[in-house]
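Grab a pencil and work through these exercises with the model open beside you. Each one sets a task and then walks through a solution.

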Amino acid sequence: MAEVKIQAESRTEFGKGAARRIRRESKVPAVLYGHGTDPVHITLPGHDTMLALKTANALLLIEVEGSDSLLALPKQVQRDPIKGFIEHVDLVIVKRGEKVQVDIAVHLEGEAVSETLVVLENASILVEAEATHIPDGVTVSIEGLDAGAQIHASDLKLPAGTTLAVEPDTLIVNITAATTAEQLDAELSEAEAEAGIEKDEADAPSEEPVAAAAE
């Protein structure tokens with residue numbers, strides 16, 4: 001994973017009021033911590049930070065004037081729930097060659113056989129990798145799998161240097177038989193019966209006597 005260089009500024013003002021002023025200037029308040037160092041409060045350029053954090057587990061090279069450059073990974077990103085802009089970022093300091101635990105995305109490729117349902121039980125998986133070589137994700141093939149097939153964490157083909165940080169029997173993908181229309185109707189009827197709902201039967205068409213033809 002390539003490093004993204006970001007020029008940061010030291011921050012000495014704190015609190016909600018200071019944070020609002022920083023955001024009005026299209027910047028993002030952030031804090032750096034880890035490796036036994038005191039937290040470093042900084043301000044990041046809003047646009048560059050937004051672009052960098054579009055990539056999961058983005059490796060950032062933070063340059064603060066008057067200080068040494070620091071490698072960091074995003075630990076927590078707070079976004080405005082409505083507008084989506086970044087409100088605050090927590091960054092954890094990492095070292096080159098250091099192993100870190102991160103969640104990476106699970107991507108599916110291919111198609112299971114017809115009339116099956118593919119359930120992605122875990123859309124991400126916790127792995128351990130070198131801080132400067134975190135994979136973007138792991139791809140899982142479901143091509144031709146039939147109902148009853150399962151893929152566990154131990155079945156994943158991880159890049160060299162990356163290892164699982166979860167139990168090997170963690171279920172990732174589960175292939176089940178698709179529910180038929182008849183099964184849906186039966187389940188609905190059963191649910192209605194349990195709920196005490198009775199369907200009104202359609203009245204049978206009445207048979208009216210046919211008047212005898214006058215002779």
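**Exercise 1. Find out which residues make up a nonpolar patch on the surface, and place leucine 120.**

Step 1. Leu108, Val118 and Leu120 make up the patch, and together they have about 190 Å² of accessible area. To join a patch, residues need over 30% relative accessible area and no salt bridge; nonpolar side chains (Val, Leu, Ile, Met, Phe, Trp, Tyr) are joined within 5 Å, like charges within 9 Å. Areas come from the Shrake-Rupley method with a 1.4 Å probe, and for residues only the protein chains shown count as cover.

Step 2. Leucine 120 sits in strand E8, residues 116-120. Strands (E, at least two residues) and helices (H or I, at least four) are DSSP runs, numbered from the N terminus.

Step 3. Leucine 120 is partly exposed, at a relative accessible area of 33%. The cut-offs here: buried is under 20%, exposed is over 50%, partly exposed is in between (1.4 Å probe, protein chains only).

A word on the ground rules: this is a predicted model, so local features need pLDDT of at least 70 and side-chain atom pairs count only at pLDDT 80 or more, while totals for chains, interfaces and linings use all residues. Residues are numbered from 1 along each chain as its sequence is written, and side-chain values use heavy atoms, with hydrogens and water left out.

**Exercise 2. Describe the largest pocket: its space and its lining.**

Step 1. The largest pocket holds about 270 Å³ of space. Of its 14 lining residues, Asn57, Leu73, Pro74, Lys75 and Val102 are the closest to the centre. A pocket, on a 1 Å grid over the protein atoms alone, is an open set of points with protein on both sides within 12 Å along at least five of seven lines, and lining residues have an atom within 4 Å of a point. Points are joined across faces, edges and corners, and the volume is the space filled by probe spheres set on them.

Step 2. Strands E5 (70-79) and E7 (99-109) each give at least two residues to this lining. E5 has the largest share, with five residues.

Step 3. By type, the lining splits into eight nonpolar, three polar and three charged residues. Here Ala, Val, Leu, Ile, Met, Phe, Trp, Tyr, Cys and Pro are nonpolar, Asp, Glu, Lys and Arg are charged, and the others, Gly among them, are polar.

**Exercise 3. Now do the second largest pocket, and look at serine 26 in its lining.**

Step 1. About 160 Å³ of space lies in this second largest pocket. Its lining includes Arg23, Ser26, Lys27, His47 and Phe85.

Step 2. Strand E2 (27-34) and helix H2 (46-52) each contribute at least two lining residues, and H2 has the largest share with three. The mix is four nonpolar, four polar and three charged.

Step 3. Serine 26 sits in the loop between helix H1 (16-24) and E2. Its phi is near 60°, a positive value in a residue other than glycine. At 54% relative accessibility, serine 26 is exposed.

**Exercise 4. Work out how many salt bridges there are, and which parts of the chain each one links.**

Step 1. Take a side-chain nitrogen of Lys or Arg within 4 Å of a carboxyl oxygen of Asp or Glu as a salt bridge. The count is three.

Step 2. Glutamate 3 pairs with arginine 96, with the closest N and O atoms 2.4 Å apart. Glutamate 3 is in strand E1 (residues 3-10) and arginine 96 in the loop between strand E6 (86-94) and E7, so the pair links distant parts of the chain, 93 residues apart. Glutamate 3 is partly exposed at 33%, whereas arginine 96 is exposed at 56%.Step 3. Glutamate 63 meets lysine 5 at 3.8 Å, N to O. Strand E4 (residues 59-64) holds glutamate 63 and strand E1 holds lysine 5, 58 residues apart.

Step 4. Glutamate 9 and lysine 27 meet at 3.1 Å, N to O. Glutamate 9 lies in E1 and lysine 27 in E2, so this bridge ties together parts 18 residues apart in sequence. Glutamate 9 is partly exposed at 41%, and lysine 27 is partly exposed at 24%.

**Exercise 5. Is alanine 131 buried or exposed?**

Step 1. Alanine 131 lies in the loop between strand E9 (124-130) and E10.

Step 2. With a relative accessible area of 1%, alanine 131 is buried. Its C-alpha is 6.7 Å from that of valine 94, 37 residues apart in sequence.

How values were computed
On a 1 Å grid over the protein atoms alone, a cavity is a set of points where a 1.4 Å probe fits but cannot get out, and a pocket is an open set with protein on both sides within 12 Å along at least five of seven lines; lining residues have an atom within 4 Å of a point.
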